[in-house]
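Me: Please take a close look at how the helices pack in this model. Then follow the neighbouring sheets and the local backbone details.

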Amino acid sequence: MRPTHAVAWILPVPTTLPTRLLIIGAGPAGYTAAIYAARAGLRPVLVAGMQPGGQLTITTDVENYPGFAKGIMGPELMEQMRAQAEHVGTELKYDIVTRVDLSRRPFRAECDSGDVYLAEALIVATGAQARWLGIPGEQELSGFGVSACATCDGFFFRGKEVAVIGGGNSAVEEALYLANLAKHVTLVHRRDTLRAERILQQRLFARENITVLWDMATEAMIGTEAARPVARALALRHMKTGERRELPVDGIFVAIGHDPATSLFRGQLDMDQSGYLVVEPGGTRTNVTGVFAAGDVADKIYRQAVTAAGTGCMAALDAEEFLAEQEHAQEKAAA
């Protein structure tokens with residue numbers, strides 16, 4: 001039966017919202033910055049972005065974050081950070097920033113919803129994402145024997161057989177780290193030479209429990225036949241002969257690099273050749289006064305939850321100092 005009256009759809013009206021401090025990104029860096037800023041009375045607004053919680057939302061056991069003797073699940077850790085940030089006064093927005101204008105203050109951030117934020121100070125905590133191969137089994141086994149971070153997950157593979165996929169500095173560094181924990185490490189590389197620095201290659205070839213498989217393409221990751229499969233092997237193909245084989249392993253580490261989420265700021269904030277934001281040595285200030293960067297978006301070396309949280313704290317303190325200086329200058333000018 002058709003309705004006898006017209007139905008009016010009421011769409012939310014985009015609003016322009018001023019704030020002293022805007023934080024973009026809801027990982028350990030963003031949440032920690034929000035906690036410190038809120039406790040300082042800055043009443044920050046945090047826009048969570050496409051993946052609230054960051055990479056830890058797809059991580060299982062986290063045993064290297066201080067304060068959890070028996071470890072904690074990644075999603076649970078991020079939920080606790082979110083709850084703490086809101087509890088102390090952070091205004092959390094589930095939206096995506098699509099455009100920013102950092103040419104003048106207040107900084108302008110436009111969101112997917114149509115809302116616009118005008119911020120006196122900005123903390124960028126958009127993080128970085130590991131590159132993946134995009135092959136069968138990779139996504140299904142992620143967190144169940146497949147990882148992109150040896151420092152995070154290598155502990156779970158003590159005395160076991162593991163494989164590292166890649167041929168650059170990241171792959172060789174991961175293999176060397178894992179060699180201290182695992183029984184044996186196999187580095188799988190699709191070329192016949194490594195791209196890693198010479199000193200790293202020398203260290204790699206000197207380790208008796210590391211083997212390199214040259215000219216090998218990884219075609220699939222194979223799991224056990226179970227309701228919740230775990231990684232058990234790699235399906236490999238020789239690039240020159242076409243020969244296929246399986247490599248039995250207990251753990252698989254993909255080490256083909258990371259991509260910082262910085263495209264939003266290209267042409268406005270200084271970046272290095274890999275796209276990571278450049279900050280002052282020992283701090284979080286960027287080349288734009290009043291804009292600060294924290295976490296993996298400015299860290300190509302460590303990329304740990306605890307280091308991201310630490311720089312989130314630093315960014316909040318830097319932002320608090322900046323805003324206080326601005327207020328003092330305004331008061332002095334008005335006197």
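Reply: What follows begins with the helix contacts and goes on to the sheets, the disulfide and two loop positions.

This is a predicted model, in which local features need pLDDT of at least 70 and side-chain atom pairs count only at pLDDT 80 or more, while totals for chains, interfaces and linings use all residues. Residues are numbered from 1 along each chain as its sequence is written, and side-chain values use heavy atoms, with hydrogens and water left out.

Helices (H or I, at least four residues) and strands (E, at least two) are DSSP runs, numbered from the N terminus. Axes are lines fitted to C-alpha atoms, for helices over the stretch in contact, and angles run from 0 to 180 degrees between N-to-C directions.

Helix 1 (residues 28-39) and helix 2 (residues 74-87) have axes that come within 9 Å and cross at roughly 25 degrees. Helix 1 is therefore roughly parallel to helix 2; angles under 35 degrees count as roughly parallel, over 145 as roughly antiparallel, 65 to 115 as roughly perpendicular and the rest as oblique. The crossing of helix 1 past helix 2 is left-handed. A crossing is left-handed if the near helix is turned anticlockwise from the far one by less than a right angle, and right-handed if clockwise. On the helix 1 side the contact is made by Pro28, Tyr31, Ala34 and Ile35, and on the helix 2 side by Met78, Met81, Arg82, Gln84 and Ala85. Contact means heavy atoms within 4.5 Å. The residues of this contact of helix 1 with helix 2 divide into seven nonpolar, one polar and one charged. Here Ala, Val, Leu, Ile, Met, Phe, Trp, Tyr, Cys and Pro count as nonpolar, Asp, Glu, Lys and Arg as charged, and the others, Gly among them, as polar.

Helix 1 also packs with helix 7 (residues 305-334), at an angle of about 35 degrees and with the axes 7 Å apart. Helix 1 passes helix 7 in a right-handed crossing. Helix 1 contributes Pro28, Ala29, Thr32, Ala33, Tyr36 and Ala37 to the contact, and helix 7 contributes Ala305, Ala308, Ala309, Gly312, Cys313, Ala316 and Leu317. In this contact of helix 1 with helix 7 there are eleven nonpolar residues, two polar and no charged.

A further helix pair is formed by helix 5 (residues 169-179) and helix 6 (residues 198-206), which pack at an angle of about 35 degrees with their axes 10 Å apart. Helix 5 passes helix 6 in a left-handed crossing. Asn169, Val172, Glu173, Ala175 and Leu176 of helix 5 meet Leu200, Arg203 and Leu204 of helix 6. The contact of helix 5 with helix 6 divides into five nonpolar residues, one polar and two charged.

Helix 5 also lies across strand 11, strand 12 (184-188), strand 13 and strand 17, running at about 165 degrees to strand 11. These strands belong to an open sheet of five strands with the order 10-17-11-12-13 and parallel pairing. Two strands pair if DSSP finds at least two bridges between them. Strand 10 (146-147) and strand 13 (210-213) are the edge strands, each pairing on one side only. Within the sheet, strand 11 (residues 161-165) and strand 17 (residues 251-254) pair in the parallel sense over four bridges, and valine 162 stands opposite glycine 251 in strand 17.

Another open sheet has three strands in the order 14-15-16, with antiparallel pairing. Its edge strands are strand 14 (216-223) and strand 16 (244-248), each pairing on one side only. Neighbouring strands of this sheet are turned by 25 degrees against each other on average, direction ignored. Strand 15 (residues 231-238) is joined to strand 16 by five bridges and runs antiparallel to it. Leucine 234 stands opposite leucine 247 in strand 16, and alanine 233 has proline 248 as its bridge partner there. Strand 15 and strand 16 form a hairpin with five residues between them, and glycine 242 in the turn has a positive phi of about 80 degrees.

A search of the whole structure finds one disulfide, a disulfide being a pair of cysteine sulfur atoms within 2.5 Å. Cysteine 149 and cysteine 152 form this bond, with sulfur atoms 2.2 Å apart. The torsion about their S-S bond is about 70 degrees, so the disulfide is right-handed.

Two loop positions remain. Arginine 43, in the loop between helix 1 and strand 2 (45-47), has a positive phi of about 50 degrees although it is not a glycine. A cis peptide bond with omega about 0 degrees joins arginine 105 and proline 106, and proline 106 lies in the loop between strand 6 (97-101) and strand 7 (107-111).
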